Amino acid sequence: MNSLLLHCRPGFEGEVCAEIGEHAGRLNVAGYARARPNSAHAEFVCSEPGGAERLMRGLRFAGLIFPRQWARGDFVELPESERIGVLLERLADYPVCGSLWLEVLDTNEGKELSTFCRKFEVPLRKALLKAGRLEDDPRKPRLLLTFKSGREVFLGLAEANNSAAWPMGIPRLKFPRAAPSRSTLKLEEAWHQFIPREAWDLRLAPGMTAVDLGAAPGGWTWQLVNRHIKVTAVDNGPMAPSLMDSGLVEHVRSDGFVFRPRRPAGRLDGLRHRREACPHGGADRNLARRGALPRGGGQPQAADEAALRRSAPPARAHRRWPGGAWREGLHRLPAALPRSRGSDLPSAPAVGPGVTRPTASATMPPPVFWS
Ligand SMILES: C[S@@+](CC[C@H](N)C(=O)[O-])C[C@H]1O[C@@H](n2cnc3c(N)ncnc32)[C@H](O)[C@@H]1O
């Protein structure tokens with residue numbers, strides 16, 4: 001079990017080899033990376049026993065850039081029939097696994113194999129359960145079978161909390177029919193990627209405010225509105241009327257690169273969140289000391305707004321990422337946000353009338369979305 005298989009988008013095999021090679025060097029795992037162009041996968045072949053496992057344990061999968069999925073194991077040749085028997089034999093060297101995923105590579109041949117995989121999974125799962133090789137336990141490693149053909153499979157292992165959250169690392173998100181553009185799924189995917197699912201209600205909470213720069217026709221804005229977030233949509237193009245009817249969207253026809261929010265809403269949200277997050281009034285005491293709140297607690301008055309702004313953290317997103325520098329900001333996002341890949345990701349709950357506003361994080365920066 002001394003190879004690390006890494007799935008990727010076809011055409012990025014070289015990048016995967018370079019990336020994993022660099023990590024292996026840093027972690028002193030001897031071996032070499034190899035790949036064929038457009039094969040949608042690369043392999044890191046370790047030259048010492050346990051190397052692949054050491055490499056995986058030394059890395060956070062979510063921190064990798066190009067690999068979509070990974071697993072340590074070996075390729076196994078399969079016969080025309082009795083494939084399950086051969087697999088069971090090989091699995092004798094593997095630990096008991098906690099889940100099973102059958103995967104293919106993201107190539108045309110892979111797509112043709114997916115029907116085979118769907119059919120094969122049922123008897124294989126039954127056989128594994130019967131043989132005691134599979135239990136329903138997320139703490140145990142996941143068994144990942146990557147079929148290259150009906151006759152060749154990579155028999156791999158990966159920790160469920162340190163590997164892709166979706167089979168083949170490709171999110172399968174349902175397009176919401178009411179959304180005005182397909183790009184809506186990009187934002188939902190980013191949330192799955194960067195925000196742990198259990199933190200969504202806190203960090204994407206109803207009543208928050210957001211700015212969507214380059215918003216038209218409103219696919220990203222739709223996602224925010226769907227979570228009852230108020231959006232300033234900046235674009236000279238038209239927004240979908242349905243979004244404007246929600247009452248949650250202010251359409252600003254302006255250049256996103258020079259746009260400045262009239263009211264630093266993020267600062268006030270930040271303050272409110274800190275107050276809610278501090279049940280014993282410590283935050284309020286600090287704010288009152290700085291003149292932002294009436295002494296003895298209570299809601300800030302309109303006249304206190306200037307003091308609230310003074311005491312709140314600066315909303316610096318625009319200033320930090322002027323002009324083309326927003327790209328740099330996007331690159332920094334993965335490092336700045338907690339990861340969610342590898343966690344179980346149930347689909348987003350519908351936001352409806354019954355939704356209550358949860359307490360929000362004390363350190364949340366104001367969200368600014370560039371689409
Ligand atoms: C790909 S579309 C965005 C799609 C949108 N995010 C959605 O989800 O429906 C790009 C948008 O950016 C807008 N845009 C381009 N440059 C802009 C700028 N400097 N300021 C504001 N909007 C801009 C365009 O008018 C266009 O509507």
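Start by selecting helix α4: the helix bends by about 35° at glutamate 121, and within four residues of that comes a proline, proline 123. Keep in mind as you click around that this is a predicted model.

**Stop 1: along α4**

Select residues 108–130 to get the whole of α4. How far apart should the ends of these 23 residues be? At 1.5 Å a residue the expected span is 33 Å, and the end C-alpha atoms sit 34 Å apart, so the two agree. Now show the side chains of Gly110, Leu113, Cys117, Leu124 and Leu128, which are the buried ones to look at in α4. What covers them? Switch on α3 (83–91), β5 (99–104) and β6 (142–149), which are included in the cover over the buried residues of α4. Before you leave, step just past the helix to glycine 132, where phi is positive at about 75°.

**Stop 2: the largest core**

Next, go for the largest nonpolar core, a set of 44 residues. Leu4, Leu6, Ile20, Leu55 and Trp70 have the most contacts inside it. Colour strand β7, residues 152–158, as well: this strand gives the most to the core, with 5 residues. Then centre on leucine 4. Setting aside neighbours within four places in sequence, leucine 4 is in contact with Ile20, Phe44, Ala52, Leu55, Met56 and Trp70, and also with Glu43 and Arg72.

**Stop 3: glycine 11**

From there, pick glycine 11, in the loop between β1 (3–7) and α1 (13–26). Is glycine 11 buried or exposed? It counts as exposed, because it has 11 C-beta neighbours inside 10 Å. Draw a distance from glycine 11 to serine 39: the C-alpha atoms are 7.6 Å apart, though 28 residues separate the two in sequence.

**Stop 4: β8 and its partner**

Now jump to β8, residues 209–213. All 5 of the 5 residues there are buried, so the strand is largely enclosed by the rest of the structure. Which way do the side chains go? Thr209, Val211 and Leu213 point one way, Ala210 and Asp212 the other, and every one of them is buried. That is a pattern to expect, since in a regular strand side chains alternate between the two faces of the sheet. Add β9, residues 230–234: β8 and β9 run parallel and are joined by 5 bridges. For one of the pairings, pick alanine 210 and find valine 231, its bridge partner in β9.

**Stop 5: α7**

Select residues 219–226 for helix α7. How many of its 8 residues are buried? The count is 7, so α7 too is largely enclosed by the rest of the structure. Highlight Gly219, Trp220, Thr221, Trp222, Gln223, Leu224 and Val225 to see the buried set. After the helix comes histidine 228, with a positive phi near 60°.

**Stop 6: zoom out**

Finally, show the whole chain, with its 13 helices and 11 strands. Of its 371 residues, 34% count as buried. Take the contacts between residues at least 6 apart in sequence: 65% of them join residues at least 24 apart.

Last, colour by pLDDT. The chain mean is 79, and 71% of residues reach 70 or more. Residues 267–366 are below 50, and in the model this stretch has 121 contacts beyond near neighbours in sequence. Where pLDDT is low, the predicted coordinates should not be read in detail.

Technical notes
Residues numbered from 1 in each chain as written. Predicted model: local features only at pLDDT ≥ 70, side-chain atom pairs only at ≥ 80, totals over all residues. pLDDT = per-residue confidence, 0-100. Contact = placed C-beta atoms within 7 Å. Helix = DSSP H or I, 4+ residues; strand = E, 2+ residues; numbered from the N terminus. Expected span 1.5 Å × (residues − 1). Bend = angle between axes of the 7 residues up to and from the residue. Buried ≥ 20, exposed ≤ 12 C-beta atoms within 10 Å, placed from the backbone. Core = buried A, V, L, I, M, F, W, Y, C linked by C-beta atoms within 7 Å. Pairing = 2+ DSSP bridges.
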